[in-house]
Amino acid sequence: MRRLPTVLAVTLVVLAGFAPLAAAAPAGADAAVSGVAATEQSEPTNESAPPDPETDRIGWENGYWHNESIDVNQSDGLTQAELNATVARAMARVEVIRGLEFNETVPVEIISRSAFANSSGNRSYSEAFRSFDNTKFEALFLIGEDEGSLDVQESNRGATVGGYYSPAADSIVLVTDNETTLQVDELTLGHELIHALQDQKFDLGNFSSQTRDGANANSGLIEGDANYVQYRYQQRCGEGGSWNGSCLSPEASGGGGGGPPNMGVYFLNYQPYSDGPAFIAEQKREGGWDAVNELYDAPPQSAEQVIHPERYGTDPPTHVELADEHGENWERIRPESRLDYAEVGQAGVASMFVYPWYAGDRPRGYSVIQNPNQQWLNLTDSGEVSRFDPLNYGFDAAAGWDGDRMHFYQNDAGEGGYVWRLVWDSDAEAIEFRDAYEELLTYWGAEQVSEDTYRIADGSFADAFHVTVAGDTVTIVNAPSVGELSEVHGSVDAGAETPTPTVGPTATAAPSTETTADTVTEPSVTAESPGFSAVTALLALLGAALLFRRR
């Protein structure tokens with residue numbers, strides 16, 4: 001309506017509960033689909049409500065106070081009037097927690113999961129973009145050559161999206177697993193209303209990034225804020241809370257039972273939801289909500305600053321330079337309307353090392369994370385998975401990241417290769433990453449064929465790899481065969497040293513000014529989990545799987 005859809009605030013459902021995750025807007029999702037749509041007409045009324053204030057105020061919206069009862073029974077689905085009342089009271093509740101007043105009412109629509117799935121996956125992408133994205137996820141050992149990365153990511157979204165806010169339409173869509181009766185989960189509604197409030201006050205259209213690390217950094221603020229507020233919302237809805245007994249939740253249904261199809265992709269996107277609330281809580285401790293509001297003028301520069309809040313404002317990421325040195329039969333993959341390189345950040349590195357614990361049976365030798373129950377899951381004193389910051393993306397093999405850059409290449413036969421350069425905080429941490437990466441190669445079936453060269457003979461990641469360390473910098477070269485490594489990057493030539501990168505302050509990419517099928521703005525919205533009990537159940541299940549594999 002007023003700007004490009006550069007940001008989409010998304011809540012994802014995992015197992016039977018809700019957990020937010022960044023995701024791209026489904027094609028046609030902003031168009032009307034079958035369901036219940038709230039409008040700004042037919043404002044709710046309630047004769048038993050306390051007197052309305054003379055002027056709008058925090059904690060009151062469209063005739064409803066935050067702490068009053070509403071006459072809503074969603075067992076047979078919500079009527080339009082019931083939905084309007086539910087939205088009005090939820091807006092008032094968000095205002096009370098966040099201390100900000102909505103400028104206008106937010107339209108809300110509810111659709112079934114099948115309707116959402118039918119509205120998704122209709123985008124078209126160029127072959128260059130598909131090759132670029134496929135190679136990026138292959139480099140992280142998250143999606144193999146036998147699968148399309150865009151298809152896998154779409155499957156993850158279709159299985160887990162619980163709702164989203166669209167800044168372009170200034171409206172919310174909630175996705176329900178109850179196919180016959182469209183119902184509301186109030187925590188999910190509250191989460192998306194927070195995004196609407198952020199948009200009205202801080203203009204989410206200002207936040208976009210074409211790299212995964214940049215997207216996770218933005219999401220650490222946006223979703224961190226939303227999920228911190230939602231955590232407080234959930235506390236008020238719980239036992240002893242001021243809203244206990246009045247918060248709406250959907251009836252259990254048989255839908256949406258499985259987790260995301262690819263846990264590695266899920267972990268990559270989930271990082272801001274886990275670390276974001278702690279990042280926000282730290283800022284609020286220091287300066288109250290005013291300090292949080294100020295973050296929108298100076299958002300974190302990397303996911304690392306969200307994972308380690310003490311580094312915000314003091315440890316900008318290194319901008320990594322990487323020169324092309326490919327042979328004449330190879331060319332750089334450069335999709336139109338997007339950056340021609342990738343930066344996955346500390347979240348990408350951590351997800352790469354964690355994924356093997358969930359990708360299948362674990363070989364004996366895999367030991368990047370010696371004790372995942374202590375190093376990967378953040379446990380409370382009672383041994384339960386933390387509801388506030390469940391996952392640790394700062395374990396040793398990933399900590400110390402200071403910048404990275406990936407270039408992707410293709411030869412005349414259509415085969416792919418890449419160069420991934422990572423800069424670390426110290427020489428020792430570069431070596432620590434190199435050792436962990438070699439362990440990861442072993443997990444995926446690699447054999448060492450020379451001092452710095454490895455080969456995976458078969459499987460989804462069958463390729464050759466050349467791994468070198470020069471001071472604080474690690475360079476990884478990938479090609480279909482050992483003989484082609486030097487064709488992808490000349491540094492692999494016998495006797496040639498790995499070039500030392502030129503480093504400097506990180507450059508911030510300008511927001512995109514046009515929208516095309518290939519314009520990729522990495523989704524910028526993430527923070528702590530909304531359905532906390534369900535998220536705890538999910539993570540407890542994952543923790544149980546880890547314990548089982550250790551035996």
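Let us start where two helices touch: Val 349, Met 352 and Phe 353 of helix H9 meet Phe 433, Ala 436, Tyr 437 and Leu 440 of helix H11. Sorted by class, this contact of H9 with H11 holds seven nonpolar residues, with no polar and no charged ones. As you look at it, please keep in mind that the model is predicted.

How are these two helices placed against each other? Two packed helices are described by the angle between their axes and the distance between the axes. H9 spans residues 345–354 and H11 spans residues 427–443; they pack at an angle of about 40°, and their axes lie 10 Å apart. An angle counts as roughly parallel under 35 degrees and as roughly perpendicular from 65 to 115, and H9 and H11 are therefore oblique to each other. The handedness of the H9 and H11 crossing is left-handed.

Stepping back for a moment, the chain as a whole contains 13 helices and 17 strands. It has 551 residues, of which 59% count as buried. Among the contacts in the chain with a separation of 6 or more, 76% come from residues 24 or more positions apart. The exposed surface of the chain comes to about 21,100 Å², and carbon and sulfur atoms supply 45% of that area.

With that overview in mind, we can turn to helix H5, which takes part in two of the packings described here. Its partner in one of them is H6. H5 covers residues 186–202 and H6 covers residues 212–237; their axes come within 9 Å and cross at roughly 140°. That value makes H5 oblique to H6, because only angles over 145 count as roughly antiparallel. In contrast to the left-handed crossing of H9 and H11, H5 passes H6 in a right-handed crossing.

Which residues make up this meeting of H5 and H6? On the H5 side they are Glu 186, Leu 187, Thr 188, Gly 190, His 191, Ile 194, His 195 and Gln 198. On the H6 side they are Ile 222, Glu 223, Asp 225, Ala 226, Asn 227, Val 229, Gln 230, Tyr 233 and Gln 234. By class, the contact of H5 with H6 divides into six nonpolar, eight polar and three charged residues. You may like to set this beside the contact of H9 with H11, where the seven residues are nonpolar.

The other partner of H5 is helix H1, residues 80–98. H1 and H5 pack at an angle of about 65° with their axes 9 Å apart, and their crossing is right-handed. From H1, the residues involved are Thr 86, Val 87, Arg 89, Ala 90, Met 91, Arg 93, Val 94 and Arg 98. They meet Glu 186, Leu 189, Gly 190, Leu 193, Ile 194, Leu 197 and Phe 202 in H5. This contact of H1 with H5 comprises nine nonpolar, two polar and four charged residues. Glu 186, Gly 190 and Ile 194 of H5 appear in the contact with H1 and also in the contact with H6.

Next, let us visit helix H4, residues 149–160. Is Ser 149 of this helix buried or exposed? At 0% relative accessibility, Ser 149 counts as buried. Beyond its neighbours within four places in sequence, Ser 149 is in contact with Asp 133, Asn 134, Phe 137 and Ile 143. Its C-alpha atom is separated by 7.8 Å from that of Arg 130, which is 19 residues away along the chain.

Val 152 is also in H4, and with 9% relative accessibility Val 152 counts as buried. Outside its neighbours within four places in sequence, Val 152 contacts Ile 143, Glu 147 and Asn 262. Ile 143 is thus a contact of Val 152 and of Ser 149. The C-alpha atoms of Val 152 and Val 265 are 8.5 Å apart, although their positions lie 113 residues apart along the chain.Finally, two loop residues deserve a look for their backbone angles. Asp 170 is not a glycine, yet it has a positive phi of about 50°. Asp 170 sits in the loop between strand E7 (161–166) and strand E8 (171–176), and it is buried, with a relative accessible area of 9%. Ser 337, which is not a glycine either, has a positive phi of about 65°. The loop that holds Ser 337 runs between strand E10 (330–332) and H9. At 30% relative accessibility, Ser 337 counts as partly exposed.

How values were computed. Residues are numbered from 1 along each chain as its sequence is written. This is a predicted model: local features need pLDDT of at least 70, side-chain atom pairs count only at pLDDT 80 or more; totals for chains, interfaces and linings use all residues. Side-chain values use heavy atoms; hydrogens and water are left out. Axes are lines fitted to C-alpha atoms, for helices over the stretch in contact, and angles run from 0 to 180 degrees between N-to-C directions. Helices (H or I, at least four residues) and strands (E, at least two) are DSSP runs, numbered from the N terminus. A crossing is left-handed if the near helix is turned anticlockwise from the far one by less than a right angle, and right-handed if clockwise. Contact means heavy atoms within 4.5 Å. Ala, Val, Leu, Ile, Met, Phe, Trp, Tyr, Cys and Pro count as nonpolar, Asp, Glu, Lys and Arg as charged, and the others, Gly among them, as polar. Buried means under 20% relative accessible area, exposed over 50%, partly exposed in between (1.4 Å probe, protein chains only). Accessible areas come from the Shrake-Rupley method with a 1.4 Å probe; for residues, only the protein chains shown count as cover.
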